[in-house]
Amino acid sequence: MNKTKILNPIKMKKIKYILAIITIATFGFVMQAQIISAEKIINKVDDNINSDTQIVVSDMVIHGKRNDRTITSKGYSEGHKKSFTEYLAPAREEGTKMLKLEDRLWIYSPSTDRTIQLSGHMLRQSVMGSDLSYEDMMEDRKLTEMYRSKILSEETLNVRNTWKLELVAKVDDATYYKRMIWVDQERFVPLKEELFAKSGQLLKKTTMSNIEKIDGRWYPKKMNYKDMLKTGEGTDFIVKEIQFNPKIPVEIFSKGSLRK
Amino acid sequence: MKLAIQLAYKNLIGAGLRTWLNVIVLSFAFIIIIFFNALLQGWSNQAKEDGIAWDFGYGHILNRNYDPYDAFTIQDGHDIIPKNLENTTPILIQQGSIYPDGRLVSVLLKGIDTNQDILKIPSAKFKNTTAAIPAIIGKRMAESANLKVGDEVILRWRDKNGVFDASYISIIDVFDTTVPSIDAGQIWLPLEKLQKMTNLQTQATLFVVNKNYQQNTLDNWKFVKQKTLLKDIEDVIATESIGSAVMYLVFLLIALLAIFDTQVLSIFRRQKEIGTYVALGMTRPKVVSLFTIEGTMHSIFAIIVGCMYGVPIFIYLNQSGITMPDFAGSMGIGLDKAIFPVYNPSIILLTILFIILASAIVSYLPARKIARMNPVLALKGKLQ
């Protein structure tokens with residue numbers, strides 16, 4: 001009787017321990033599964049949207065208070081670290097070229113026949129009066145390197161089923177502390193992205209639309225960038241032509257190509 | 001010489017209106033030269049005094065990586081505040097953007113110690129506020145960003161690692177200063193608050209020192225003397241001086257031209273008189289000097305006449321000041337609502353000497369012709 005009385009509390013403790021371990025393990029497993037899942041989604045989006053090399057002809061429509069301005073450009077890129085853009089229209093911007101090599105950015109202006117390197121506060125200026133800053137174009141690290149991600153919920157956005165992902169910075173120097181991304185569950189294309197400050201203030205919003213299948217990939221042909229602290233309709237980035245993995249001559253990504 | 005002066009005086013008085021017209025025009029030039037110089041001196045004094053009171057103090061200690069003329073250096077131009085640095089007040093400078101009425105305005109964020117008394121910036125106002133992020137701005141900034149006391153505006157900035165942050169700031173005071181370098185495009189915040197916001201705890205970009213500061217060598221910091229800081233103001237005034245000098249030299253030129261013209265006319269019309277002087281035994285150089293003195297005496301009369309109406313005007317302007325238009329303060333130069341001219345005795349003396357010398361030269365040039373005159377023909381009044 002006494003033995004039973006002594007053993008029962010021990011058994012009870014053991015059961016409690018086992019339950020606790022199972023709970024922690026289950027919770028941990030679920031969490032792990034979710035981290036992997038969110039990261040997998042981001043990687044799949046990355047694979048879908050990006051390619052080793054790209055050539056894009058696009059229109060940038062800057063919505064102003066009184067009128068809109070459209071700037072046409074042709075951009076060449078190799079990974080996230082190298083890109084070269086040549087502005088084709090309007091006449092005022094024609095011939096302006098921009099070269100980005102890792103963390104350095106040069107702009108060539110044909111009117112002055114000068115090449116200047118942008119750094120410091122100049123990178124924070126807007127690109128041709130748009131809602132995009134040069135700095136936004138400079139970010140070249142992978143999201144998975146900078147952010148800890150998780151799936152917050154599943155939502156329907158423009159009749160598409162999406163995962164709502166929350167990305168919180170895991171490095172000290174991520175430009176935006178938090179990002180929210182809505183990813184199409186079927187096509188693995190982001191449909192909306194919101195960028196937040198450390199304080200939680202929404203800073204920028206990107207909306208993707210006109211999703212089309214190009215070379216076997218789903219690709220948003222229209223993106224609207226909006227600085228949420230500014231009034232206005234933001235800036236549209238409309239893809240007119242896009243080539244995935246074309247062969248780009250090495251000399252394109254050199255300072256010499258700016259003056260050609 | 002005495003005779004020449006007496007004769008010159010009598011001739012000038014005898015010429016009547018012609019003399020007085022010349023004298024009045026020359027006196028205008030005299031008054032304008034003194035007035036403009038006094039105005040620039042007054043402006044210079046006021047700009048320097050205000051610059052010292054609001055911005056420069058008795059010198060700045062700048063971080064070695066910070067160059068006030070290079071915005072690129074703001075990001076890295078700061079360091080930990082050295083210990084035992086007395087008679088100074090630290091200022092931290094960072095960049096940010098505000099969004100008044102939904103438009104982006106780039107600003108400099110300046111953190112200042114709430115207890116400082118070296119500069120006139122009303123930093124003590126931070127003590128009596130409950131606002132989460134209180135801010136004070138200058139009148140120019142308030143006007144350009146359309147902000148007033150009590151307004152809240154969203155501020156976006158980056159911490160030391162470049163991470164964006166944004167929050168509303170409350171405008172708790174708008175100060176009125178003539179010094180644009182601490183006003184336009186700037187927002188003043190409590191130093192500790194800005195240090196916390198940017199993750200730059202215990203750091204500063206520069207220090208403003210008071211008159212008791214003893215200069216000593218500090219690693220990573222350099223001392224800039226008050227005189228060096230005031231050089232910008234002196235350069236602006238020097239540029240303005242050149243601009244106004246052109247204007248009053250035109251006036252002076254007109255006045256001197258009138259004297260020159262009078263002299264030419266006198267010599268032409270008074271040939272018989274010149275012939276008589278020579279016939280009576282005056283040497284030609286003496287006649288030349290008589291005419292030169294006569295011409296130069298215009299300037300003496302001009303100075304006397306100028307003083308008669310100029311001194312009361314100068315005294316009045318010195319007391320009431322010269323009101324500047326409203327837009328003057330927003331032109332980027334330190335202009336008060338009114339400028340009080342400062343009359344420098346050395347400048348007045350130099351102006352007097354300059355006008356006398358200039359009129360002596362323009363009087364002498366036509367008078368040289370007398371030396372070449374034939375006295376017989378001159379007596380006959382024949383044209384030569």
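Chain A's secondary structure adds up to three helices and 13 strands; helices (H or I, at least four residues) and strands (E, at least two) are DSSP runs, numbered from the N terminus. This is a predicted model, where local features need pLDDT of at least 70, side-chain atom pairs count only at pLDDT 80 or more, and totals for chains, interfaces and linings use all residues. Residues are numbered from 1 along each chain as its sequence is written, while chains are lettered from A and ligands numbered from 1 in the order in which they are written.

Sticking with chain A, 24% of its 260 residues count as buried. Buried here means 20 or more other C-beta atoms within 10 Å of the residue's own, exposed means 12 or fewer, and partly exposed is in between, with C-beta atoms placed from the backbone. Two residues are in contact if those C-beta atoms lie within 7 Å. Take the chain A contacts between residues at least 6 apart in sequence: 43% of them join residues at least 24 apart.

Now for where the chains meet. Chain B puts in 17 residues and chain A puts in 17 residues. On the chain B side, strands S6 (152-158) and S7 (164-175) are the elements giving two or more residues, and S7(B) has the largest share, with four residues.

S7(B) turns up again in the largest nonpolar core, where it gives the most, five residues. A nonpolar core is a set of buried Ala, Val, Leu, Ile, Met, Phe, Trp, Tyr and Cys residues joined through C-beta atoms within 7 Å. Here are the two cores side by side:

| Core | Residues | Some members |
|---|---|---|
| Largest | 73 residues | including Tyr176(A), Leu203(A), Ile91(B) and Trp188(B) |
| Another, apart from it | 41 residues | among them Ala47(B), Ile233(B), Ile267(B) and Ile274(B) |

Trp188(B) is one of the residues touching the most other members of the largest core. Leaving out residues up to four places away in sequence, Trp188(B) touches Lys110(B), Ile112(B), Ile121(B), Ala135(B), Ile136(B) and Ile137(B).

Last stop, the start of chain B. Helix H1 (residues 2-15) has 14 residues and should span 20 Å at 1.5 Å a residue, and its end C-alpha atoms are indeed 20 Å apart; the expected span is 1.5 Å times one less than the number of residues. After H1(B) comes Gly16(B), with a positive phi near 65°. Leu17(B) sits in helix H2 (residues 17-56), and counts as exposed because it has 7 other C-beta atoms within 10 Å. Leu17(B) and Gly96(B) are 79 residues apart in sequence, with their C-alpha atoms 68 Å apart in space.
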